[in-house]
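Biologist: Please take me slowly through one small part of this model, choosing a side chain and following its surroundings step by step.

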Amino acid sequence: MSARDRIREANPEFYERYSKLEDTDEFWEFIVRPLRQSIRVNTLKAPLEVVVERLKEEFELKQIPWVREGFFINVDNLAKVPEHSLGLVFGQEASSMIPPIVLEPKPGELVLDMAAAPGSKTGQIAQYMENEGCVIANDPKLSRANVLIANLNRMGVLNTRVTTKDGAYFARFENTFDRVLLDAPCSSVGMIRKRLKFLEEWRLRGVIKYMNIQKRLILAAYQALKPGGTLVYSTCTIDPLENEEVVDYLLRKTDARLERINLPVKTSEPVLEWEGRVYSEELKKALRIHPNDNDTEAFFIAKIVKPGDADD
């Protein structure tokens, strides 16, 4: 049975909705094809070259084009890699490494990671900050915050405080953070490659529920951002309601602007019209990544700036 038929049979509503986005055999095949294992070398614990040299003695590594410390690795289970339990490398999906790169955090800054668990992106942010400055890593669920803390400890992250607030709480810290990452909770279409249950359980009402949460969170994230600061909004889904719709909503409600993202990554065209809604041309600057573009998870990334001088 072809991937297309499997998906159509498993969830007809899903198939019908996303065939409007892209309807190639390749697209359907990559939606369900198992993911390649990828890792990020954690330079907080050891120099990149040293870890890479050591790993190459045992494994095949293939550089991820858009991230210097990211590699595809030929191993089915990271438990077989001692460097993983030591926190020298961290299992992280290749496209999930893009939001912290786009965020460009610098040592000494104050950064908010609004929906941080399980912490792979938080660790990456701390790595780029060289453990200097401060990251507020938030997740509203205590159980997820505990996983976040364990992962940050293993990675040797020292500049991070973990909080367990509803993300919208941070709206009260107006014009405070140099950078904000909102890697929003979403319907996880990109994650089907990890677990097929995301396909079987997908429902449109779930998408709409997440969209409403995302709109609330993106407004709070923007409010907490300093003038001149950068907000990165990302999801691991392909639904326009959770991606273009949410960013368009922010553009309409505030003075936010989008910035173009220059990375060596293949992308699909952002959606400027969906179900009768027309979105801002600014959205052409966002990255929409389908699973078949780079053989990764699906992802959406928008780089948003708040006008004004950061030094005022």
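Modeller: Residues count as being in contact when their heavy atoms lie within 4.5 Å. The model is predicted, so to speak of a local feature requires a pLDDT of at least 70 and side-chain atom pairs count only at pLDDT 80 or more, while totals for chains, interfaces and linings use all residues. Residues are numbered from 1 along each chain as its sequence is written, and side-chain values use heavy atoms, leaving out hydrogens and water.

Let us begin with arginine 179, which belongs to strand E8, residues 177-183 (strands are DSSP runs of E, at least two residues, numbered from the N terminus). Arginine 179 has a relative accessible area of 12%, and it is called buried because that term means under 20% (1.4 Å probe, protein chains only). Its side chain makes a polar contact with the side chain of glutamate 109 at 2.6 Å, that is, a pair of N or O atoms within 3.5 Å, one able to donate a hydrogen and the other to accept it, where residues adjacent in sequence count only if both atoms are side-chain atoms. The arginine 179 side chain also reaches the backbone oxygen of glutamate 104, at 3.2 Å. Beyond its neighbours within four places in sequence, the contacts of arginine 179 include Leu103, Pro105, Val111, Leu225 and Thr230.

Leu225 leads us onward, for its backbone oxygen lies 2.7 Å from a polar side-chain atom of lysine 306. Lysine 306 sits in the segment after strand E14 (299-305), and its side chain makes a polar contact with that of asparagine 175 at 2.9 Å. Not counting residues up to four places away in sequence, lysine 306 touches, among others, Tyr222, Gln223, Pro227 and Gly229.

Definitions and conventions. Helices (H or I, at least four residues) and strands (E, at least two) are DSSP runs, numbered from the N terminus. Buried means under 20% relative accessible area, exposed over 50%, partly exposed in between (1.4 Å probe, protein chains only).
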